[in-house]
Amino acid sequence: MTKKVCLVVTFMENTHAGKAADYLAIAVHEIASMSVMRIERLLNHHYNKHLSKFLTGIKPGLNSGLMIAQYTAAALVSENKVLTHPSTVDSISTCGGAEDHVSMGAFAARKALQVVEHVEYVLAIEMIAACQAIDLRDEKLSGPLKEIYEEKLSGPLKDFYDKKLSGPLKDVHDLVRTRIKHLKEDRFMGPDIEMAVQLIQEGQIWTAVSSCMSEFNK
């Protein structure tokens, strides 16, 4: 009889996949790194073109506006700095030396998913801040102090207040306001942030801006 031999061959080295996950985490983190700086410019009264400190609705000092939400965004970005350390640079010999080099690819993938989730939350906070800034800007343009502000505005600052929202930006603002109300006085922001994340994850924000973004694909 002819002997039949069955050979089982496996490729256990998975570093290439692990490195891809590491690179993904680093690349996606950059989105949050830029987003958190835009949040700073929106909330910092030295940069936000005469909007209130921390985008406070009323009674600055008594209310802290979006200051605590900014803390959350900053904390997530700082945590990402640890999570984006490449997993694939490390290896520990196991199995009596039989597995002397392992990819750590599974850990890299888990970390990448954590980074993506953190980025979604940072972007959600920026979206809330941007909508709050739009509301405050519109209040200055239509409120009882309109004439006073118009007298103070000149040059680039006047250009900023004279500009109208683009169609996609208005659509995003209107969509957010159907789920998250304007922040007039301090409240627990957790549910608002979760709702903003949901809008991102469900693709509703992308749908609102897709007509504009399609221009970049030509």
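Read from the N terminus onward, the protein chain of this predicted model follows the pattern α-α-α-α-α-α-α-α. Its secondary structure comes to 8 helices and 0 strands.

The chain has 218 residues, of which 35% count as buried. About 13900 Å² of the chain is exposed, and carbon and sulfur atoms supply 61% of that area. Among contacts between residues at least 6 apart in sequence, 74% join residues at least 24 apart.

Confidence averages a pLDDT of 86 over the protein chain, with 84% of the residues scoring at least 70. The lowest confidence lies in helix H4 (residues 146-152), at a mean of 55, whereas helix H7 (residues 190-201) has the highest, at 98.

Side chains of opposite charge can pair when their charged atoms come close. The whole structure contains 5 salt bridges, among them the following.

| Acidic residue | Basic residue | N to O distance |
|---|---|---|
| Asp138 | Arg137 | 3.6 Å |
| Asp174 | Lys170 | 2.9 Å |
| Asp192 | Arg187 | 2.8 Å |

The burial of the partners can be set out pair by pair. Asp138 is partly exposed at 33% relative accessibility, while Arg137, at 8%, counts as buried. In the pair formed by Asp192 and Arg187, Asp192 is buried at 11% relative accessibility and Arg187 is partly exposed at 26%. Asp174 is partly exposed, with a relative accessibility of 32%; Lys170 is also partly exposed, at 43%. Asp174 and Lys170 both belong to helix H6 (residues 167-179), and because they are 4 residues apart there, about one helical turn separates them.

Terms used:
Residues numbered from 1 in each chain as written. Predicted model: local features only at pLDDT ≥ 70, side-chain atom pairs only at ≥ 80, totals over all residues. Heavy atoms only, no water. Helix = DSSP H or I, 4+ residues; strand = E, 2+ residues; numbered from the N terminus. Buried < 20%, exposed > 50% of the residue type's maximum accessible area, 1.4 Å probe, protein only. Contact = heavy atoms within 4.5 Å. Areas by Shrake-Rupley, 256 points an atom, 1.4 Å probe, with all protein chains shown as cover. pLDDT = per-residue confidence, 0-100. Salt bridge = Lys/Arg side-chain N within 4 Å of Asp/Glu carboxyl O.
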